[in-house]
Amino acid sequence: MGHGHRRRGSAAHLLPLLLLLVAAAGAAAGREEGARRLRFRRESGTFKVVQVADMHYADGRSTACEDVLPSQVAGCSDLNTTAFLYRVFRAEDPDLVVFTGDNIYGADATDAAKSMDAAIAPAIDMKLPWAAVIGNHDQEGTLSREDVMRHLVSMKNSLSRFNPEGIEIDGYGNYNLEVSGVEGTSLDEKSVLNMYFLDSGDYSTVPSIHGYGWIKASQQVWFQQTSSSLQTRYMNEKPKQKEPAPGLAFFHIPLPEFSSFTATNFTGVKQESISSASINSGFFTTMVEAGDVKAAFVGHDHVNDFCGKLSGIQLCYAGGFGYHAYGKAGWSRRARVVSVQLEKTDSGEWRGVKSIKTWKRLDDPHLSTIDSEVLWNRGSNGRRRKNPDGS
């Protein structure tokens, strides 16, 4: 009896300490959530993404470059890819970096985890939030597709997620990220920009269908439900909005609809065929029906870097980034930049998204900016802006 009384007294004595620990843990979680929360910038009302496609990173200094000029061969390695990452990050100061697959070239990577660590190190070193999807080469080394994605999720500053919880879904790395309005404004608790990330697969597992993978029905159902839920919240919860928040989609393998364009109706270049799946799983139609996605960004075909508009959606390649990836000698490696701008009221308050612009950065002596264009403007269809040289 006495011992029991002492235990109750001991527990009562510890209760304030436990409450303090719980409160501290909650505050830490809140700080972590706040630090990881994506938000538009107060000064400029902008949110900027740098898309990095096809680094094909392997073993660093010992991994040679592919398809560079004879004068560039000596000493050229994965470290050139690393140097380009630092250059473009310093120049653009992005709010988010998105790695759209084939981040490593698994077949040439001695240790896939170490290769991923090295490939993404500049983003981590510069304390930039980043997210990733996987391509068709990431898993060809010492880790499976599942383990590659789990590693990316576990890395520092990663906003990547493995998959939505509680549902059966194909692939690894299907998730969405929300970008809140400017802090202190009426939209600071609302997602004014939605980003969808999907695993476009690697290779077909259906014997009668050859070639690359595709976005499966289960993934499309998840996308539809997520998009619908986000639109409902944005338009129905106070302060109610008249139109859905715009969305951006990121995945690795281009959709068959990327073949819809000719040189007369896109900005950029097409220098190789569109290596999409040999069947059309319907994801483009799914995006059109959802109504919120304004642009989709892919990699995979390294010497294509165009954007073209189809049925209200801009379909954009980034162009190849990595030096261990195939390319075209004399054609600079490149990154795509996406800048989203909020609307400002007459009273000076930032509101919802007004426009989405894009350009590319080249790894040339001047870190040239090319092909600046408006992908989407609220109330209009977007237009191309010529380069300073008139091209």
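Start by selecting H300, which sits in the loop between β9 (293–298) and β10 (307–310). The model on screen is a predicted one. With a relative accessible area of 5%, H300 counts as buried, because buried means under 20%. Check its backbone as well: phi of H300 is near 80°, a positive value in a residue other than glycine.

**The whole chain**

Zoom out and colour by secondary structure. The protein has six helices and 14 strands. Of its 391 residues, 52% are buried. If you display contacts with a separation of 6 or more, 68% of them are between residues 24 or more positions apart.

**Helix α2**

Select residues 78–92, which form helix α2. The helix has 15 residues, so at 1.5 Å a residue it should span 21 Å; the C-alpha atoms at its ends are 22 Å apart, which agrees.

Now show the side chains of the buried residues of α2: D78, T81, T82, F84, L85, Y86, V88, F89 and E92. Which elements cover them? The cover includes strands β2 (46–52), β3 (96–100), β12 (334–344) and β13 (350–362), together with helix α3.

Step just past the end of α2 to D93, where phi is positive, at about 50°.

**α2 against α3**

Keep α2 selected and add α3, residues 112–125. The axes of α2 and α3 are 9 Å apart, and the two helices pack at an angle of about 25°. Angles under 35 degrees count as roughly parallel, so α2 is roughly parallel to α3. The crossing is right-handed.

To see the contact, show these side chains:

- from α2: T82, L85, Y86 and F89;
- from α3: A118, A119, P122, A123 and D125.

Sorted by class, the contact of α2 with α3 has seven nonpolar residues, one polar and one charged. Among the α2 residues in this contact, T82, L85, Y86 and F89 also belong to the buried set of that helix.

**α3 against α4**

Hide α2 and add α4, residues 145–154. The axes of α3 and α4 come within 10 Å and cross at roughly 40°. That angle makes α3 oblique to α4. This crossing, too, is right-handed.

Show the side chains in contact:

- from α3: A113, M116, D117 and I120;
- from α4: V148, H151 and L152.

By class, the contact of α3 with α4 is made up of five nonpolar residues, one polar and one charged.

**A112, in α3**

Select A112, which is in helix α3. Is A112 buried or exposed? Its relative accessible area is 0%, so A112 is buried. Leaving aside residues up to four places away in sequence, A112 touches I104, T142 and L143. Draw a distance from A112 to T142: C-alpha to C-alpha they are 5.5 Å apart, although 30 residues separate them in sequence.

**The loop between α4 and β5**

Move on to the loop that joins α4 to β5 (175–180), and select G173 there. G173 has a relative accessibility of 0% and therefore counts as buried. What does G173 touch, not counting residues up to four places away in sequence? The list is V133, M149, R161, F162, N163, F197, L198 and D199. A distance drawn from G173 to R145 gives 9.7 Å between C-alpha atoms, for residues 28 apart in sequence.

N157 lies in the loop between α4 and β5 as well. Its relative accessible area is 25%, so N157 is partly exposed. Look at the backbone of N157: phi is positive, about 65°, although the residue is not a glycine.

**A cis peptide bond**

For the last stop, select K238 and P239. Which kind of peptide bond joins K238 and P239? The bond is cis, with omega at about -5°. P239 has its place in the loop between α5 (217–236) and β7 (247–250).

**Backbone stops to revisit**

For a second pass through the backbone, these are the places to select again:

- D93, just after α2, with a positive phi of about 50°;
- N157, not a glycine, with phi at about 65°;
- H300, also a residue other than glycine, with phi near 80°;
- K238 and P239, joined by the cis peptide bond.

Conventions:
Residues are numbered from 1 along each chain as its sequence is written. This is a predicted model: local features need pLDDT of at least 70, side-chain atom pairs count only at pLDDT 80 or more; totals for chains, interfaces and linings use all residues. Side-chain values use heavy atoms; hydrogens and water are left out. Axes are lines fitted to C-alpha atoms, for helices over the stretch in contact, and angles run from 0 to 180 degrees between N-to-C directions. Helices (H or I, at least four residues) and strands (E, at least two) are DSSP runs, numbered from the N terminus. Angles under 35 degrees count as roughly parallel, over 145 as roughly antiparallel, 65 to 115 as roughly perpendicular and the rest as oblique. A crossing is left-handed if the near helix is turned anticlockwise from the far one by less than a right angle, and right-handed if clockwise. Contact means heavy atoms within 4.5 Å. Ala, Val, Leu, Ile, Met, Phe, Trp, Tyr, Cys and Pro count as nonpolar, Asp, Glu, Lys and Arg as charged, and the others, Gly among them, as polar. The expected span of a helix is 1.5 Å times one less than its number of residues. Buried means under 20% relative accessible area, exposed over 50%, partly exposed in between (1.4 Å probe, protein chains only).
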